[in-house]
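Trainee: Hi, do you have a moment to go through a structure with me? I'd like to start with the whole chain and then look at single strands and loops.
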Amino acid sequence: AIMQHGSFIAAIDAIGTAVGTRGTVRPVVSDNLHIAARLADGRTVVGQHLLTGKECQALNVQIEDIWLVSDLQGTPCELPVATSETRTLIEDADLLCLPIGSFWTSVAANLLPRGVGASVSRAQCRKVYVPNPGIDPEMLGLSVLQATRKLVELAERAEGHEGRVIDTVVVDTMHGSYPGGVDIAGLRTAGFEVVDASFVGAGDRVQAAALAHVLLSLATTRAS
């Protein structure tokens, strides 16, 4: 698609048109990079395919940190900077959401490039994190509170200073499965607003309309 349309952005737009995507889809960066992770036992694993528990057997050791590298040999790279268009879209958003997904490779990785955390902090809207309400192999050993703090830490590391990248955490403690636990009191003590809503159906399947309703309601209010 990139060869046919001439650029990464043009290829994304063409695919979005073909599948009827709503809204604007943009990459955080256009660089071709890989994810490296340090495990609790000291090992380093390089490559998203080795971390997600989908293409390979799920890790049985907790992931403690991730960073970006140039290739699957783990060659260090200069920290990429988010594109100016992406930073503008973030800063002008009505709601920012770190959504359900593989914790390290699909959610946290987006905070690694420089500029993302700063743009999120500058945005005047709510910044919401929706942790996975089912089993996520990448969250082995992490509670919702620990995961939330990890996301904040990664953004602050990329920017070199503190910032407000999450103010609200949305969970469904009645129907969701959170293996690491949900410490609502701990989250609130740490300064995060907690919204405990009903949006998970049978088999930990997210009811999209219900979650969308929760998020849209948050878009119209400021975090306390």
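Trainee: What percentage of the 224 residues of the protein chain count as buried?

Mentor: Happy to help, and keep in mind that this is a predicted model. In the protein chain, 42% of the 224 residues count as buried.

Trainee: How many helices and strands does the protein chain have?

Mentor: There are 8 helices and 7 strands.

Trainee: And what is the radius of gyration of the protein chain, set against a compact globule?

Mentor: The protein chain has 18 Å. A compact globule with 224 residues would be near 17 Å, so the value agrees with that. If you want dimensions along the principal axes, the C-alpha atoms fill a box of roughly 45 × 40 × 40 Å.

Trainee: What share of the contacts joins residues at least 24 apart?

Mentor: It is 73%, counted among contacts between residues at least 6 apart in sequence.

Trainee: What about the surface, how much area does the protein chain expose?

Mentor: About 11,700 Å², and carbon and sulfur atoms supply 52% of that.

Trainee: How far apart are the mean positions of the positive and negative charges?

Mentor: They are 3 Å apart, with 17 positive and 24 negative charges in the protein chain.

Trainee: Let's move to the strands. Which residues of β4 are on the covered face, and which on the uncovered one?

Mentor: β4 covers residues 95-98. Leu96 and Leu98 make up the covered face, while Leu95 and Cys97 are on the uncovered one. In a regular strand the side chains alternate between the two faces of the sheet.

Trainee: Do tell, which strand is joined to β4 by 4 bridges, and do the two run parallel or antiparallel?

Mentor: That is β5, residues 126-129, and the two run parallel. One pair to look up is Leu95, whose bridge partner in β5 is Arg126.

Trainee: Following on from β5, in which sense does β5 pair with β6?

Mentor: Also a parallel pairing, here over 2 bridges. Val128 stands opposite Thr168 of β6.

Trainee: Which residues of β6 point one way and which the other way?

Mentor: Thr168 and Val170 point one way, Val169 and Val171 the other way, and all of them are buried.

Trainee: Where does Thr173 lie?

Mentor: Thr173 is in the loop between β6 (168-171) and α7 (184-189). Its relative accessibility is 37%, so Thr173 counts as partly exposed.

Trainee: What is Thr173 in contact with, leaving aside its neighbours within four places in sequence?

Mentor: Tyr178, Val182, Ile184 and Asp196. As for Gly101, its C-alpha is 18 Å from that of Thr173, and the two are 72 residues apart in sequence.

Trainee: Over to β3 now. How many of its 7 residues are buried?

Mentor: β3 has 5 buried residues, so to speak mostly covered.

Trainee: Which strand pairs with β3 in the antiparallel sense?

Mentor: Strand β1, residues 34-39, over 6 bridges. Within that pairing, the bridge partner of Ala36 is Trp67 in β3.

Trainee: Is Val45 in β2 buried or exposed?

Mentor: Val45 is in strand β2, and a relative accessible area of 11% makes Val45 buried. Beyond its neighbours within four places in sequence, Val45 is in contact with Ile35, Ala36, Ala37, Leu39, Leu50 and Leu51. The C-alpha atoms of Val45 and Ile35 are separated by 8.6 Å, with their places 10 residues apart along the chain.

Trainee: And Thr52, where is its place?

Mentor: In the loop between β2 (44-46) and β3 (63-69). Thr52 is buried, with a relative accessible area of 7%. Sequence neighbours within four places aside, Thr52 is in contact with Thr105, Pro137 and Glu138.

Trainee: Last topic: which loop holds Asp204?

Mentor: The loop between β7 (193-196) and α8 (208-219). Asp204 has a positive phi of about 60 degrees although it is not a glycine. At 24% relative accessibility, Asp204 counts as partly exposed.

Trainee: What about Ala202, buried or exposed?

Mentor: Ala202 is exposed, because its relative accessibility is 69% and the cut-off for exposed is over 50%. Ala202 lies in the loop between β7 and α8 too. Ala202 and Leu79 are 41 Å apart in space, C-alpha to C-alpha, and 123 residues apart in sequence.

Terms used
Residues are numbered from 1 along each chain as its sequence is written. This is a predicted model: local features need pLDDT of at least 70, side-chain atom pairs count only at pLDDT 80 or more; totals for chains, interfaces and linings use all residues. Side-chain values use heavy atoms; hydrogens and water are left out. The radius of gyration is taken over C-alpha atoms; the globule rule is 2.2 Å times the number of residues to the power 0.38. Buried means under 20% relative accessible area, exposed over 50%, partly exposed in between (1.4 Å probe, protein chains only). Contact means heavy atoms within 4.5 Å. Accessible areas come from the Shrake-Rupley method with a 1.4 Å probe; for residues, only the protein chains shown count as cover. Lys and Arg count as positive and Asp and Glu as negative; His and the chain ends are not counted. The place of a charge is taken as NZ of Lys, CZ of Arg, CG of Asp or CD of Glu. Two strands pair if DSSP finds at least two bridges between them.
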